[in-house]
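Please walk through the model below with attention to how its side chains meet and how its strands are arranged. The text moves from rings and charges to the sheet, and then to a loop and its surroundings.

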Amino acid sequence: MTISPGPSVDADPALGQAVKAADRAHVFHSWSAQSVIDPLAVAGAEGSYFWDFEGKRYLDFSSQLVNTNIGHQHPKVVAAIQEQAAKLCTFAPAFAIEARSEAARLIAERTPGDLDKIFFTNGGAEANENAIRMARLHTGRQKVLSTYRSYHGATANAIALTGDPRRWQNEIGVSGVVHFWGPYPYRSNFHAGNEAQECERALAHLEQVIAFEGPQTVAAIILETVVGTAGILIPPAGYLAGVREICDRYGIVFILDEVMAGFGRTGEWFAADHWGVTPDLLTFAKGVNSGYVPLGGVAISGEIAATFAERPFPGGLTYSGHPLACASAVATINAMAEEGIVENAKHIGETVIGPELRAMAERHPSVGEVRGLGVFWAVELVKNRETREPITPYNAAGAANAPIAELAAECKKRGLWPFTNMNRFHVVPPCNVSESEVKEGLAILDEVLTLTDAHTV
């Protein structure tokens, strides 16, 4: 099966070649060995699809970087950016600007608890950097704890907090970061036999780490509410509440990173809503405006905001609360509310993605586990279901990564743009994706999984 052609798209191969040539001559790409990459030249996008200059369409099962939560070129958001540009393109953060004020109000209305103050940044990494700064200044402590399976951004403190291999070559000796094991029932570090044991033992492990680090030295614990790129790991019932209790007991600031999981991705406005937990600080970006203009931020509790009522907060950004970004956030949040996009994400996850992936797991021996919420799912691929050996080694590259590379290449050949990481395929389409679009993409995945089945033993 391949993606249906859809509406007619004007092809322009010559322009595509020129775009590609200029890219290869002058663009330095992130996370890449420059001479071996082959970027696709994109001509346009709409909804859940984008297309190249040859006119080939792709169903975007990656939401780009899991950020186009309302799809590509949503007309209400495009119009809001155009209207704001005609009115006021930019203004310094020190002023009160209508788009900035309204974006902050709409975000604060949806964040859990009393997270009513919003500090705007340009993206998720800067949001986490500033959340850590706030926690350290609020507590007068320096250490921050984060999990090994995590990603918090590529700036200095954010990459030090990160638990995946992207940290290794970027560590510059930022002091005070301590990693611990979070819950992961399928590959338990605690030899747990069920989720209840996993929760209990993971919390006991965290308590022990805090005891050995010195509770009085720990400023914050930062967690992705649902771990994103490192596995779409759903916390077991009681875990987040347990971390909240530990933080309260020791005076530690609890930070939830909702950069990827927030704004409808899990079928709730924020993933924390699934467990009724309120952090002291909540970081966001990506889905707040579907990445149409760079924007992120920190939602701040009343207690931490009060720390800086008379004492200046020593941080800021030239483009904090940029009018174009904030106008796009206002339009995005309003469109999500008016069009029931959060509810759609929940419905799609419960009635289409979850059931279809579980059925695939019955058919394909390479599928070890499927897990997820809303439009935030992972398919974990294994060589052997009994041993749970991953289909590729941890952080595999080159020939060792062949099974996943083959899967991704075949998906693209058929018009499905995948999101793969390590030994997993993530199913992360836009939150407003239709049932028919999801079924179209999953049918392709079902077919190409025969490639990874061939690597099982």
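In this predicted model, the charged end of Arg166 sits over the ring of Trp31, at 5.3 Å from the ring centre. A second arrangement of this kind involves Lys412, whose charged end sits over the ring of Trp417 at 4.5 Å from its centre.

Rings also meet other rings, and the count of aromatic pairs comes to ten. For Phe263 and Trp269 the ring centres are 6.5 Å apart and the planes stand at 90°, so this pair is edge-to-face. Phe263 also forms an aromatic pair with Phe270, again edge-to-face, with 4.9 Å from centre to centre and 65° between the planes. Phe263 and Trp269 are both buried, and Phe270 is buried as well. Together with Phe284, these three residues, Phe263, Trp269 and Phe270, form one aromatic cluster.

Glu268 belongs to the loop between strand 8 (253-257) and strand 9 (281-284). Is Glu268 buried or partly exposed? Its relative accessibility is 24%, and because buried requires a value under 20%, Glu268 counts as partly exposed. Leaving aside residues up to four places away in sequence, Glu268 touches Phe263, Asp273, His274, Val342 and Lys346, and Phe263 is one of the members of the aromatic cluster just described. Pro294, by contrast, lies 26 residues from Glu268 in sequence, and the two C-alpha atoms are 22 Å apart in space.

The loop between strand 8 and strand 9 also holds Asp280, which is linked to Arg244 in helix 8 (residues 239-250), 36 residues away, so that distant parts of the chain are joined. The contact in question is a salt bridge between the two side chains, with 2.9 Å from N to O, and both Arg244 and Asp280 are buried.

The structure holds 20 salt bridges, and another of them joins Arg105 to Glu102, with the closest N and O atoms 2.7 Å apart. Here the partners both lie in helix 4 (residues 98-110), three residues apart, which is about one turn of the helix. Arg105 is partly exposed, with a relative accessible area of 39%, and Glu102 counts as partly exposed at 26% relative accessibility. A further salt bridge is formed by Arg414 and Glu410, whose closest N and O atoms are 2.8 Å apart; Arg414 is buried, and so is Glu410. Returning to Glu102 and Arg105, salt bridges that share partners join these two residues with Glu109 and Arg110 into one network.

How are the strands of the open sheet ordered? Four strands form this sheet in the order 1-2-3-14, and their pairing is mixed. Strand 1 (42-46) and strand 14 (416-417) stand at the edges, where each has a single partner strand, so one side of each is left without a neighbour in the sheet. The partner of strand 14 is strand 3 (residues 57-60), and the two pair in the parallel sense over two bridges. Within this pairing, Leu59 has Leu416 of strand 14 as its bridge partner.

Finally, the cysteines can be considered. Cys411 is buried, with a relative accessible area of 0%, and Cys431 likewise counts as buried at 0% relative accessibility. The structure holds zero disulfides.

Notes
Residues numbered from 1 in each chain as written. Predicted model: local features only at pLDDT ≥ 70, side-chain atom pairs only at ≥ 80, totals over all residues. Heavy atoms only, no water. Phe/Tyr/Trp six-rings, centres within 6.5 Å; stacked < 30°, edge-to-face > 60°. Buried < 20%, exposed > 50% of the residue type's maximum accessible area, 1.4 Å probe, protein only. Lys NZ or Arg CZ within 6 Å of the ring centre and 35° of its normal. Disulfide = S-S within 2.5 Å. Pairing = 2+ DSSP bridges. Contact = heavy atoms within 4.5 Å. Salt bridge = Lys/Arg side-chain N within 4 Å of Asp/Glu carboxyl O.
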